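Here is a short briefing to read alongside the model. Please keep the structure open as you go through the points.

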Amino acid sequence: MKILIIEDELQLAKSIRQYLQRENYLCEVEMDITEGRSMIEDFAYDCILLDINLPGGSGLTLLKELKQDKKTDGVIIISARDALEDKVLSLKLGADDYLAKPFHLAELSARIETVIRRRYLQGDSQLSYDSLVIDTLARSVSVDGETIQLTKTEYELLLFLMINKGRVITKNAIAEHLLGGSALYLDNFDIIYAHVKNLKKKLQSMGGSIKTIYGTGYKFS
């Protein structure tokens with residue numbers, strides 16, 4: 001899962017990124033509204049952590065733009081302003097949650113999990129297809145009740161494909177989801193081919209559940 005942190009307090013941004021990376025999130029950080037806007041325009045995120053007071057403007061302006069553009073990224077406002085009117089306005093503008101500073105990083109992580117479950121899994125913690133089950137809390141995968149050992153990247157790839165079941169997902173989209181902005185510097189998609197090949201092999205009992213759409217990408221069906 002990919003998180004964008006838009007926060008101008010450098011130490012706080014670093015602490016959030018380090019904590020969430022230990023929780024197996026892919027995190028990117030921007031510290032002003034202009035760079036944050038650019039990242040949102042160029043990439044999709046599972047959740048955006050957005051401060052209100054940013055160099056160059058208000059995070060609420062960015063939130064409003066995001067919703068006007070019909071972006072579906074989850075958004076949690078993190079702000080030193082604990083006024084009720086800020087919370088109400090943030091939620092009315094489309095934020096999924098509001099967390100006042102200072103906060104415990106464990107609580108932030110729990111709220112991110114809730115936003116993602118609500119966005120993709122209708123609040124459930126499991127995603128299933130036929131005999132395949134992904135438990136997002138345990139970060140485990142099983143087929144016919146037997147646990148399948150996946151690497152972190154294979155797990156994220158499978159979850160991404162299952163969430164988008166029936167849709168063709170391009171190699172570019174997969175690379176951006178797994179690698180974030182680093183995907184821009186790939187010379188080829190060999191690393192994506194390798195991960196898909198390994199995942200298919202581990203899920204061989206599922207038959208052809210991951211379909212290769214030649215010249216485009218992949219589809220879970």
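Buried means under 20% relative accessible area, exposed means over 50%, and partly exposed is in between, using a 1.4 Å probe and protein chains only. Helices (H or I, at least four residues) and strands (E, at least two) are DSSP runs, numbered from the N terminus. With those terms in hand, helix α7 (residues 171-179) has Lys171, Ile174, Ala175, His177 and Leu178 as its buried residues.

This is a predicted model, in which local features need pLDDT of at least 70 and side-chain atom pairs count only at pLDDT 80 or more, while totals for chains, interfaces and linings use all residues. Residues are numbered from 1 along each chain as its sequence is written, and side-chain values use heavy atoms, with hydrogens and water left out.

**Helix α7**

- Seen down the axis of α7, the buried residues fall within an arc of 165° (taken from the directions from the helix axis to the C-beta atoms), so they line one face of the helix.
- As background, an α-helix has 3.6 residues a turn, so residues three or four places apart point the same way.
- The buried residues of α7 pack against β1, β2, α6 (152-163), β12 (169-170), α8 (190-202) and β14 (217-220); contact here means heavy atoms within 4.5 Å.
- Gly180, just after α7, takes a positive phi of about 65°.

**The five-stranded sheet**

- Five strands, in the order β2-β1-β3-β6-β7, make an open sheet with parallel pairing; two strands pair if DSSP finds at least two bridges between them.
- At the edges stand β2 (26-30) and β7 (97-100), each with a single partner strand, so one side of each has no neighbour in the sheet.
- From one strand to the next, the twist averages 20°.
- Helix α1 (residues 10-22) packs on this sheet and touches β1 (2-6), β2, β3 and β6, with its direction at about 170° to that of β2; axes are lines fitted to C-alpha atoms, for helices over the stretch in contact, and angles run from 0 to 180 degrees between N-to-C directions.

**Strand β6 and its partners**

- Strand β3 (residues 47-50) is joined by four bridges to strand β6 (residues 74-79), and the two run parallel.
- In that pairing, Leu50 stands opposite Ile77 and Leu49 stands opposite Ile76.
- Four bridges also join β6 to β7, again running parallel, and Asp97 in β7 is the bridge partner of Ile76.
- β6 is mostly covered, with six of its six residues buried.
- Gly74, Ile76 and Ile78 point one way from β6, while Val75, Ile77 and Ser79 point the other way.
- In a regular strand the side chains alternate between the two faces of the sheet.

**Asp51**

- Asp51 is found in the loop between β3 and β4 (53-54).
- The unreviewed UniProt entry places the feature "modified residue: 4-aspartylphosphate" at Asp51; UniProt positions are given in the numbering used here, feature names are shortened, and annotations may be inferred rather than shown by experiment.
- Asp51 counts as buried, at 3% relative accessibility.
- Leaving aside neighbours within four places in sequence, Asp51 is in contact with Ile6, Glu7, Asp8, Gly59, Ile78, Ser79 and Lys101.

**Two buried helix residues**

- Ile16 lies in helix α1 and is buried, with a relative accessible area of 0%.
- Not counting residues up to four places away in sequence, Ile16 touches Ile5, Leu49, Ile78, Phe103, Leu105 and Leu108.
- Ser109 lies in helix α5 (residues 105-121) and is buried, with a relative accessible area of 3%.
- With residues up to four places away in sequence not counted, Ser109 touches Tyr19, Leu20, Glu23 and Tyr25.

**An aromatic pair**

- Rings of Phe, Tyr and Trp (its six-membered ring) pair if their centres lie within 6.5 Å; planes under 30 degrees apart count as stacked, over 60 as edge-to-face and the rest as tilted.
- By this rule the count comes to one aromatic pair.
- Tyr129 and Phe220 have ring centres 5.1 Å apart and planes at 75°, so the pair is edge-to-face.
- Tyr129 lies in strand β8 (residues 126-129) and Phe220 in strand β14, so the pair ties together parts that are 91 residues apart in sequence.
- Tyr129 is partly exposed, with a relative accessible area of 25%, whereas Phe220 is buried at 0%.
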